[in-house]
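Visitor: Please give me a close look at one part of this protein, the nonpolar interior. I would like to hear which residues make it up and what surrounds them.

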Amino acid sequence: MQIPYELILGWRYTRAGRATRRNGFISFISGVSMLGIALGVAALIIVLSVMNGFQKEVRDRMLGVISHIEVFAPQGAALADPQKTLAEIRANPHVVGAATFISAQALLARGEDMKGAIVRGIDPALEGQVTDLAVQLQDTAFPKLVSGEFGVVLGGELARAMGVREGDAVTLIAPSGQVTPAGVVPRLKQMTVVGTFDSGHFEYDSALVMLHQDDAAKIFRLEGPTGIRVKLKDLHQAREVALELSKTLSGDLLIRDWTRQNKNWFAAVELEKRMMFIILTLIVAVAAFNLVSTLVMTVTDKRADIAILRTLGASPRSIMGIFMVQGAMVGVIGTLSGLLLGLGIAFNIDVIVPGLEQLFNASFLPKEIYLISRMPSEPQYADIMPIAVISLVLSFLATIYPSWRASRVNPAEALRYE
């Protein structure tokens with residue numbers, strides 16, 4: 001199979017021999033362009049992989065406390081028929097667990113200290129089906145949540161803020177109280193702390209209070225659970241399954257999946273990723289358009305060669321193809337090098353970062369400051385492919401003008417002083 005001479009010459013010009021000082025400088029500029037593309041692509045992959053890793057870490061910690069889907073009655077009322085709703089939910093093939101719960105807000109007091117709290121009444125026997133945190137507490141704190149004994153499990157940050165430990169007494173103040181001649185008096189109930197938990201997510205560790213579902217029903221004067229928490233086989237199908245449940249469940253019910261519970265946070269992360277992608281793509285663009293100066297210098301240096309090729313019968317299209325091949329090869333080599341470098345660092349960042357911390361005797365993510373103390377990374381195909389395509393497209397676009405100039409070289413003018 002005969003290889004087109006445009007490819008051969010384009011590859012030869014890419015290697016840019018160093019026979020003269022000018023050729024050596026062109027080779028240096030070409031190498032800088034290639035290195036710039038590689039570093040830009042690698043930076044994009046590493047940054048987006050780390051952002052994906054942080055998003056996954058926070059999401060997993062969040063889903064350790066909340067469920068994939070919540071089905072609940074409007075206005076915080078009790079479900080009309082919890083068992084029927086449970087059976088309908090479990091009939092969905094995507095569901096792996098479901099548990100009833102009571103959700104309310106209250107104040108938690110100890111002495112003069114008072115904190116707002118999110119109260120969750122749970123069934124300790126079923127809670128392990130819907131959250132990872134419940135699995136951790138299944139053999140420690142949850143056995144102490146006995147109906148009628150009014151025990152509570154507090155988030156670790158909340159317990160530390162109030163200065164309580166296991167065995168201490170706290171007072172739960174329900175906002176909707178009793179109506180008396182003196183006005184509405186909130187209901188107060190003394191509870192015993194039977195355990196604490198640390199989910200790794202400050203929002204829940206600093207505000208969540210768990211108690212037995214029956215005790216919560218008595219305190220808030222409810223006839224039963226206010227909702228059902230659902231765990232799925234695949235958390236990424238939460239929206240689709242929520243839509244399916246909205247069509248199959250009977251009764252007046254509201255359905256909310258985990259992406260809507262923390263909509264603002266996920267929207268902020270996606271916006272940040274998009275902005276970082278745009279900013280870092282500009283780095284790749286600058287490196288790619290360095291090819292313009294490289295190819296212009298090459299065209300100027302090779303004017304005599306171009307004229308000879310034209311006199312031998314080469315068409316302007318072939319001349320243009322030679323220099324487009326040269327620019328495209330620089331772009332391809334730079335992009336592939338950047339992909340290898342970026343993926344190599346992204347997949348081994350858990351080894352590289354601790355090594356750098358030891359080398360410089362520093363901690364990039366101190367445990368006492370940041371929620372996550374290690375550098376996570378999760379390269380995703382959906383991010384890597386657009387990066388490679390954009391880099392190649394920008395490199396190709398940068399070759400068009402210099403290649404067009406090469407095709408317009410007049411052989412007579414080029415050879416006049418040769």
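What follows is a walk through that interior and a few places beyond it.

Guide: Happy to! This is a predicted model, with local features needing pLDDT of at least 70 and side-chain atom pairs pLDDT 80 or more, while totals for chains, interfaces and linings use all residues. Numbering runs from 1 along each chain as written, and side-chain values use heavy atoms, without hydrogens or water.

Let's start in the largest nonpolar core (buried Ala, Val, Leu, Ile, Met, Phe, Trp, Tyr and Cys joined through side-chain atoms within 4.5 Å). It has 37 residues, and those touching the most other members are Ile 69, Ile 89, Leu 137, Val 153 and Met 210. Helix α9, residues 238-248, supplies the largest share of this core, with four residues. A second core of 24 residues is separate from it, and includes Ala 104, Leu 154, Ala 174 and Phe 220.

Back in the largest core, take Ile 69. Beyond its neighbours within four places in sequence, Ile 69 is in contact (heavy atoms within 4.5 Å) with Ile 228, Arg 229, Val 230, Leu 232, Ala 238, Val 241, Ala 242, Leu 245, Ile 255, Arg 256 and Asp 257.

Val 153 and Met 210 make a good second stop, as Val 153 stands opposite Met 210 of strand β7. Strand β4 (residues 151-155) is antiparallel to β7 (residues 208-212), and three bridges join the two; pairing takes at least two DSSP bridges. In β4, five of five residues are buried (under 20% relative accessible area, 1.4 Å probe, protein chains only; over 50% is exposed, in between partly exposed), so the strand is mostly covered.

Helices (DSSP H or I, at least four residues; strands are E, at least two) have buried positions too. In α12, which spans residues 303-311, the buried residues include Ala 304, Ile 306, Ala 307 and Leu 309. Just past the end of α12, Gly 313 has a positive phi of about 110 degrees.

A charged-residue name also turns up under cover: Lys 273, in helix α11 (residues 263-301), counts as buried because its relative accessibility is 11%. Setting aside neighbours within four places in sequence, the contacts of Lys 273 are Leu 48, Met 51, Asn 52, Gln 55 and Asp 383.

For contrast, look at Val 389 in helix α15. With a relative accessible area of 41%, Val 389 is partly exposed. In soluble globular proteins, nonpolar side chains tend to be buried together.
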